Amino acid sequence: MSQPSPSDKTEQPTARKHTAQPKARILIEALPWLTRHHGKTVVIKFGGNAMVDEELKAAFAQDVVFLRHAGLRPVVVHGGGPQISAQLDRHGLVSEFKAGLRVTTDDAMDVVRMVLAGQVQRELVGLLNQHGPLAVGMTGEDAHLMSATKHFAEIDGEQVDIGRVGQITDIDTGAIKALLDDGRIPVVSSIARSSDDGHVYNVNADTAAAALAAALNAETLMVLTDVEGLYADWPNSDEVISQLGASELEKLLPELASGMVPKMQGCLHAVRNGVTTARVIDGRVQHSILLEIFTDEGIGTMVVPDAKQEGEHQ
């Protein structure tokens, strides 16, 4: 069958608009970000609505696997607030929070450990491993990953005992780095070994993710939330702050709702300890991680070190 010659302009039919062209444009838009983030470590704190909605969970797993295949080194840190509360209810144990942190009795700690390492982590590892032999679950107890001492909440200037809640004192990244070098995706439950009294501690997952990001010299810390980001003037306005420097954030901290405080304190700790950017993003949006990392606009609030604040999405 004869074909038109490529050089025959008179007979050549008009090039058809291919239906896949928009996909090609999207991939090309991602190219600068793929180049920028290639080989970089990204720590993602998994939480909020994304942990309990089946479609959001599946989309989260796809995003993390995509990052891995796109040449990044993702590490997932998770808590399990809703699941822990549900299990405590089943055991007749009261859920109580002080200064945004769960009061954790010895009995409650047994439930926390069981839920995080035996339920939430297992499910997340299973979702990731539907895409290949990638995810490996561990807790802060494994290989001395996280060590902690007892943390006291500060309420109205006073130290308040909130039980088996830990404050991270040391991170040993050896096991995490070995897994990353082997092409695996570490999935870390926010439980720490005691550095002084033989106990095991419940650690706020936002705090744990920030500490791990800093210890790994991560490029980015991403914290999934159930809001669009940090609001400029809530509840008077739903305008989201797209970017702010560490000092600006520090000034805002006293005005934030208690649930946002550990997240934003974590972001502040990360960027002041070597992490290039820390981002709070809306985990209710499917594929929010990819939208934040691989598009020009981004969809959440990005915190940067004071010296790097440039006013543009990175």
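## A buried acid and its partner

At 0% relative accessibility, Glu-292 counts as buried. This is a predicted model, and in it Glu-292 makes a salt bridge to Arg-279, with the closest N and O atoms 3.0 Å apart. The two sit in distant parts of the chain, 13 residues apart: Glu-292 belongs to helix H9 (residues 288–294) and Arg-279 to strand S12. Arg-279 is buried too, at a relative accessible area of 1%. Both values fall under the 20% that marks a buried residue.

## Other salt bridges

Counting through the whole structure gives 14 salt bridges. As background, side chains of opposite charge can pair when their charged atoms come close.

Take Glu-250 and Arg-272, whose closest N and O atoms are 3.2 Å apart in a salt bridge. Glu-250 is in helix H7 (residues 246–252), while Arg-272 is in the loop between helix H8 (261–271) and strand S12 (277–282), so this pair ties together parts that are 22 residues apart in sequence. Glu-250 is partly exposed, at 41% relative accessibility, and Arg-272 is partly exposed at 41% as well.

Then there's Lys-98 with Glu-96, a salt bridge where the closest N and O atoms are 3.9 Å apart. Here Lys-98 has a relative accessible area of 27%, which makes it partly exposed, and Glu-96 is also partly exposed, at 38%. Elsewhere, Lys-45, Asp-206 and Lys-263 are joined in a network of salt bridges.

## Strand S2 and its neighbours

Lys-45 from that network also turns up in strand pairing, with Val-77 in S2 as its bridge partner. Strand S1 (residues 41–46) and S2 run parallel, joined by six bridges. Getting from S1 to S2, the chain passes through helix H2 (residues 54–69), and this β-α-β crossover is right-handed.

S2 also pairs with strand S8 (residues 185–194), again in the parallel sense, over three bridges. One pairing to look for is Val-76, whose bridge partner in S8 is Val-187. How enclosed is S2 (residues 73–78)? Five of its six residues are buried, so the rest of the structure largely encloses this strand.

## Helix H4 and its kink

Helix H4 (residues 106–128) has 23 residues, and at 1.5 Å a residue they should span 33 Å; the end C-alpha atoms are 32 Å apart, which agrees. Still, H4 has a kink of about 35 degrees, centred on Gln-121.

Gln-121 itself is among the buried residues of H4. Others on that list include Ala-108, Met-109, Val-111 and Val-112, along with Val-115, Leu-116 and Val-120. Past the kink centre, the buried residues include Leu-124, Val-125, Leu-127 and Leu-128.

## Around Ile-176

Ile-176 is found in helix H5 (residues 174–181). With a relative accessible area of 0%, Ile-176 is buried. What does Ile-176 touch, leaving aside residues up to four places away in sequence? The contacts are Val-75, Met-138, Leu-145, Pro-186, Val-188 and Leu-216.

For a sense of the fold here, compare Ile-176 with Val-136: they are 40 residues apart in sequence, and their C-alpha atoms are 9.7 Å apart in space.

Definitions and conventions. Residues numbered from 1 in each chain as written. Predicted model: local features only at pLDDT ≥ 70, side-chain atom pairs only at ≥ 80, totals over all residues. Heavy atoms only, no water. Buried < 20%, exposed > 50% of the residue type's maximum accessible area, 1.4 Å probe, protein only. Helix = DSSP H or I, 4+ residues; strand = E, 2+ residues; numbered from the N terminus. Pairing = 2+ DSSP bridges. Right-handed = clockwise from strand over helix to strand, strands pointing away. Expected span 1.5 Å × (residues − 1). Bend = angle between axes of the 7 residues up to and from the residue. Salt bridge = Lys/Arg side-chain N within 4 Å of Asp/Glu carboxyl O. Contact = heavy atoms within 4.5 Å.
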